[in-house]
Amino acid sequence: MDTYYFKLRNWTKTFLYSIFFLLSMTITAQKQFDLNPSVSQLPAEITLESLRNIPGLEMAKRARPFELNPEIKNHSGLSIGDEIQLRLFRNKNFSAIIERKSTDINGVTSFALKLNKY
């Protein structure tokens, strides 16, 4: 009788720990966002000749028109630990994790991101 009780007790403990672990994984799972509204339709790069004629971009090596993803503009769904895909150009893609998020007195929100693999 004692061994049955101990086996049941150990099984119950293991089961509860497993449930707790699975719940904690779903709660802390990071969400992924993309910096651009549409991944498949990145605007073409601005040519080097055109860059020379745009004030402030004379020294730029690469540039393209940019529009921020509405999910990031409305930052209420973003939290520390979430991942943001930084698709800067068609051949340049970086992944970053939100390390800090702060909103100042004027309502301006800023993020500090850490690039993965750097």
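**Notebook: strand pairing, core and charged pairs**

**Entry 1. The register of β3 and β4.** I began with A96 and found that it stands opposite L115 in β4. I note at once that the model is a predicted one. Further along the same pairing I looked up K101, and its bridge partner in β4 is F111. I then asked how many bridges hold β3 and strand β4 together. The two strands pair in the antiparallel sense over 7 bridges, with β4 covering residues 109-115. The hairpin that β3 and β4 form has 5 residues between the strands. Within that hairpin I noted the backbone of G107, which takes a positive phi near 85°.

**Entry 2. The β2 and β3 hairpin.** I turned next to the other neighbour of β3. β2 and β3 run antiparallel and are joined by 6 bridges. They also form a hairpin, here with 2 residues between them. For the register I recorded F89, which stands opposite K92 in β3.

**Entry 3. The sheet as a whole.** In what order do the strands of the open sheet lie? I read the order as β1-β2-β3-β4, four strands with mixed pairing. β1 (32-34) and β4 are the edge strands, and each of them pairs on one side only. I also took the angle between neighbouring strands of this sheet: with direction ignored, they are turned by 40° against each other on average.

**Entry 4. The nonpolar core.** I looked up the largest nonpolar core and listed its 8 residues: F33, L35, I72, L78, I84, L86, A96 and I98. Two elements, β2 (83-89) and β3 (92-103), give two or more residues to this core. A96, with which I opened these notes, is thus entered again as one of the core residues. I chose F33 for a closer look and set aside its neighbours within four places in sequence. The remaining contacts of F33 are E71, I72, G77, L78, D82, E83, I84 and Q85. Among these, I72, L78 and I84 are also listed in the core.

**Entry 5. S95.** Is S95 buried or exposed? I located S95 in strand β3. Its relative accessible area is 17%, so it counts as buried, the limit being under 20%. I then checked where its side chain finds polar partners. One polar contact is made with the side chain of E83, at 2.3 Å. Another reaches the side chain of Q85, at 3.4 Å. With neighbours within four places in sequence left aside, S95 is in contact with E83, I84, Q85, K114, L115 and N116. I note as background that side chains in a regular strand alternate between the two faces of the sheet.

**Entry 6. A112.** I placed A112 in strand β4. At 19% relative accessibility A112 counts as buried, because the limit is under 20%. Leaving out neighbours within four places in sequence, I found A112 in contact with I97, I98, E99 and R100. I98 appears again here, having been listed in the nonpolar core. For A112 and R100 I also recorded the C-alpha to C-alpha distance: 4.9 Å in space, for residues 12 apart in sequence.

**Entry 7. Salt bridges.** How many salt bridges does the model hold? I counted 2. In one of them R87 pairs with D34, the closest N and O atoms being 2.4 Å apart. This pair links distant parts of the chain, with R87 in strand β2 and D34 in strand β1, 53 residues apart. I compared the two residues by accessibility: R87 is partly exposed at 21% relative accessible area, whereas D34 counts as buried at 10%.

The side chains of E45 and R62 meet in a salt bridge as well, at 2.5 Å from N to O. This pair too links distant parts of the chain: E45 lies in the loop between β1 and α2 (48-52), R62 in the loop between α2 and α3 (70-73), and they are 17 residues apart. I entered E45 as partly exposed, at 37% relative accessibility. R62 likewise counts as partly exposed, at 31%. Why can such side chains pair? Side chains of opposite charge can do so when their charged atoms come close.

Note on methods. Residues are numbered from 1 along each chain as its sequence is written. This is a predicted model: local features need pLDDT of at least 70, side-chain atom pairs count only at pLDDT 80 or more; totals for chains, interfaces and linings use all residues. Side-chain values use heavy atoms; hydrogens and water are left out. A nonpolar core is a set of buried Ala, Val, Leu, Ile, Met, Phe, Trp, Tyr and Cys residues joined through side-chain atoms within 4.5 Å. Buried means under 20% relative accessible area, exposed over 50%, partly exposed in between (1.4 Å probe, protein chains only). Contact means heavy atoms within 4.5 Å. A polar contact is a pair of N or O atoms within 3.5 Å; within protein, one must be able to donate a hydrogen and the other to accept it, and residues adjacent in sequence count only if both atoms are side-chain atoms. Two strands pair if DSSP finds at least two bridges between them. Axes are lines fitted to C-alpha atoms, for helices over the stretch in contact, and angles run from 0 to 180 degrees between N-to-C directions. A salt bridge is a side-chain nitrogen of Lys or Arg within 4 Å of a carboxyl oxygen of Asp or Glu.
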